[in-house]
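Here are some notes from one colleague to another, to be read with the structure open beside them. I have set them out as numbered points so that you can take them one at a time.

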Amino acid sequence: MMSMISVNREAMKIVRRILEAPEPLGVFVERLACGATVIDMGQKAPGGWVAGKYYTLITLGGLAEVSYEPFPIGARVLSAVRVMIDHPQLACIASQIAGWRLEGAREGAPILAGPARALNRDNPDHYFDLIDYRDQAEEGVIAIQTAEPVTDDWATTIAAACRLRPENLYILVAPNSSLVCAIQVAARIVEQSLHRLAEEGFDVKTVRHAHGFGVIPPLIRDEVIAMGRINDSLLYGGVSTLYVDAEDEAIAAVIDKVVSVASRAYGRPFVEIYEEAGRDFYQIPLDLHSPAVLHINNLKSGRTFSAGEINYAVLRKSFWGEE
């Protein structure tokens, strides 16, 4: 199905806002030799709260509201990001998930997120098997969570796969250690819930509306520790609410399996689990990549199913080293 909604066209409305006034957002804009535009939101650029909101909106294909609210942990109050998501299949599965591993580029090729995934004609990632959607657009926008500078090689590979001219490709970048990255990862809580539901055999095409919120961790320059903290924000401090049109039995069969507490790896800061796995993401149990808390409201029966809990103890250990 070709939806009337183009995630790239919607996202480009926000990209244009950034390009009109990058300085107040703490963003640097650069053209690569091939003509692609790189929007730096945290590598050399400082980024900021508004930039983080825009990055998040763009990765959600423009189909969301993003706001901030307090998240108390004991005596301290951190911020949390809240996402109110329309068209969750398009916003999260067709756009936000980091699912496109960039082949054809050099070793250590990045994993891409964002709307241009839905334009990839060469090797669409497997998440597109879950929904009936492909995008068509003259311009595309992709997001890369990396501390490495974006190369011409990456940009031309992406543009070619998306059947775009390089000058019509826009690439957002922010590393793990940046504020923008901490925000956009915490905002992936609904996406995390959807792919876990799909992995357990639940039909994500039944999801109609969604909202989520996740704590934004304290920042640190160290990329590995920062990566650990942003994962802990989802696993131990992220809450997702889905509204679905399904059978109660289908929800009851999966709800307890798709929260992080169900994983055998649960209960320690992510960085410890990552180090034990030899810093290999693929050695970490898949079921750990789940929300802390999930609520599913069934539109058909009116019942709400809930599982999981926020784990304040692990958040305190991860964020402040408190036992």
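1. Glu-322 is a good place to start: with a relative accessible area of 27%, Glu-322 counts as partly exposed. Please keep in mind that this is a predicted model. The side chain of Glu-322 makes a salt bridge with that of Arg-76, at 2.8 Å from N to O. Glu-322 sits in the segment after α11 (312-320) and Arg-76 in strand β4 (residues 76-86), so the bridge ties together parts that are 246 residues apart in sequence. Arg-76 is partly exposed as well, at 36% relative accessible area.

2. Across the whole structure, the search finds 17 salt bridges. Another one to look at joins Arg-163 and Asp-122, whose closest N and O atoms are 2.8 Å apart. Here the loop between α5 (152-161) and β8 (169-173), which holds Arg-163, is tied to the loop between β6 and β7 (140-144), which holds Asp-122; the two parts are 41 residues apart in sequence. Arg-163 is exposed, with 54% relative accessible area, while Asp-122 is partly exposed at 48%.

3. Is the salt bridge between Glu-191 and Arg-188 made by buried or exposed residues? Glu-191 has a relative accessible area of 6% and is buried, and Arg-188, at 8%, is buried too. Their side chains meet at 2.7 Å, N to O. Elsewhere, Arg-268, Glu-272, Glu-276 and Lys-317 are joined into one network by salt bridges that share partners.

4. Glu-191 also belongs to the buried residues of α7, among them Ile-189, Val-190, Gln-192, Ser-193, His-195 and Arg-196. In helix α7 (residues 189-199), 10 of the 11 residues are buried, so the helix is largely enclosed by the rest of the structure. Just after α7 comes Gly-201, with a positive phi of about 90°.

5. Next, the nonpolar interior. The largest nonpolar core has 70 residues, and Met-41, Ile-85, Val-190 and Leu-242 are the ones that touch the most other members. Helix α6 (residues 179-186) gives the most to this core, with seven residues. A second, separate core has 24 residues, including Leu-32, Ala-36, Ala-109 and Leu-119. As general background, nonpolar side chains in soluble globular proteins tend to be buried together.

6. What does Leu-242 contact, leaving aside its neighbours within four places in sequence? The list includes Val-190, Leu-194 and Leu-197, together with Val-207, His-209 and Ala-210, and also Leu-294, His-295, Ile-296 and Asn-297. Thr-241 lies in strand β10 (residues 238-244) and is buried, with a relative accessible area of 12%. Not counting residues up to four places away in sequence, Thr-241 touches His-209, Ala-210, His-211 and His-295.

7. The aromatic pairs come to six in number. One of them, Trp-49 with Tyr-68, is edge-to-face, with 5.2 Å from centre to centre and 80° between the planes. This pair links distant parts of the chain, since Trp-49 is in helix α3 (residues 49-59) and Tyr-68 in strand β3 (residues 64-73), 19 residues apart. Trp-49 is partly exposed at 41% relative accessibility, and Tyr-68 is partly exposed at 29%.

8. Phe-270 and Tyr-274 form a stacked pair, 6.3 Å centre to centre with 20° between the planes. The two are four residues apart in helix α10 (residues 270-276), so about one helical turn separates them. Phe-270 is buried at 0% relative accessibility, and Tyr-274 is buried at 11%. Ring pairs also link Phe-71, Phe-213 and Tyr-312 into a cluster.

9. On the surface, Ile-111, Phe-281 and Tyr-282 form a nonpolar patch, with about 310 Å² of accessible area together. Ile-111 is in strand β6 (residues 111-113) and is partly exposed, at 34% relative accessibility.

10. Finally, where is Pro-218? Pro-218 is found in the loop between β9 (207-215) and α8 (223-237). Leaving aside neighbours within four places in sequence, Pro-218 is in contact with Leu-78, Arg-229, Phe-319 and Trp-320. The C-alpha atoms of Pro-218 and Gly-99 are separated by 26 Å, with their positions 119 residues apart along the chain.

Terms used. Residues are numbered from 1 along each chain as its sequence is written. Side-chain values use heavy atoms; hydrogens and water are left out. Patches are made of residues with over 30% relative accessible area and no salt bridge: like charges are joined within 9 Å, nonpolar side chains (Val, Leu, Ile, Met, Phe, Trp, Tyr) within 5 Å. Accessible areas come from the Shrake-Rupley method with a 1.4 Å probe; for residues, only the protein chains shown count as cover. A salt bridge is a side-chain nitrogen of Lys or Arg within 4 Å of a carboxyl oxygen of Asp or Glu. Buried means under 20% relative accessible area, exposed over 50%, partly exposed in between (1.4 Å probe, protein chains only). Contact means heavy atoms within 4.5 Å. A nonpolar core is a set of buried Ala, Val, Leu, Ile, Met, Phe, Trp, Tyr and Cys residues joined through side-chain atoms within 4.5 Å. Rings of Phe, Tyr and Trp (its six-membered ring) pair if their centres lie within 6.5 Å; planes under 30 degrees apart count as stacked, over 60 as edge-to-face and the rest as tilted.
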